[in-house]
Amino acid sequence: MATTVIFWGFEFGFHAPFGTRWMRYLGGVIGLAIGYVAKYGLDKRFVFRDRA
């Protein structure tokens, strides 16, 4: 859910001031990258941890 909010936030955040579809796409790409990095960190910490 949080990664989706990051994606849409960046996409609309880039589209609002610039108003072009290319800037909206750029915001989407940046939002996806940040969302995937955040999801990787969360998965690494909580899902794929060692059971020592």
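## Burial and overall form

Of the 52 residues in the chain, 13% are buried. The model described here is predicted. The surface that the chain exposes amounts to about 4500 Å², and carbon and sulfur atoms supply 68% of that area.

The chain has a radius of gyration of 14 Å, whereas a compact globule of 52 residues would have one near 10 Å. Taken along the principal axes, the box filled by the C-alpha atoms is roughly 50 × 15 × 10 Å.

## Secondary structure

The chain contains 2 helices and 0 strands. Helix H1 covers residues 2-18, and helix H2 covers residues 21-47. The sections below take up the aromatic residues of helix H1 and then a surface patch that includes a residue of helix H2.

## Aromatic pairs in helix H1

There are 5 aromatic pairs in the structure. One of them joins Trp8 and Phe12: the ring centres lie 5.4 Å apart and the planes meet at 20°, so this pair is stacked, the limit for stacking being under 30 degrees. Trp8 and Phe12 are 4 residues apart in helix H1, which means that about one helical turn separates them.

Both partners are partly exposed, a class that lies between the 20% and 50% limits of relative accessible area. Trp8 is placed there because its relative accessibility is 40%, and Phe12 because its value is 49%. Another pair is formed by Phe14 and Phe18, whose ring centres are 6.3 Å apart and whose planes stand at 45°, so the pair is classed as tilted. Phe14 and Phe18 likewise belong to helix H1, with a spacing of 4 residues, or about one turn of the helix.

## An aromatic cluster

Trp8 and Phe12 also belong to a wider group: together with Phe7, these residues form one aromatic cluster.

## A nonpolar surface patch

Leu42, Phe46, Val47 and Phe48 make a nonpolar patch on the surface, with an area of about 460 Å². Among these residues, Val47 is located in helix H2, and the range of that helix, residues 21-47, has Val47 as its last position. Val47 counts as exposed because its relative accessibility is 51%, and the exposed class begins over 50%.

Note on methods: Residues numbered from 1 in each chain as written. Predicted model: local features only at pLDDT ≥ 70, side-chain atom pairs only at ≥ 80, totals over all residues. Heavy atoms only, no water. Patch = residues over 30% accessible without salt bridge, like charges linked within 9 Å, V, L, I, M, F, W, Y side chains within 5 Å. Areas by Shrake-Rupley, 256 points an atom, 1.4 Å probe, with all protein chains shown as cover. Salt bridge = Lys/Arg side-chain N within 4 Å of Asp/Glu carboxyl O. Buried < 20%, exposed > 50% of the residue type's maximum accessible area, 1.4 Å probe, protein only. Phe/Tyr/Trp six-rings, centres within 6.5 Å; stacked < 30°, edge-to-face > 60°. Rg over C-alpha atoms; globule rule 2.2 N^0.38 Å.
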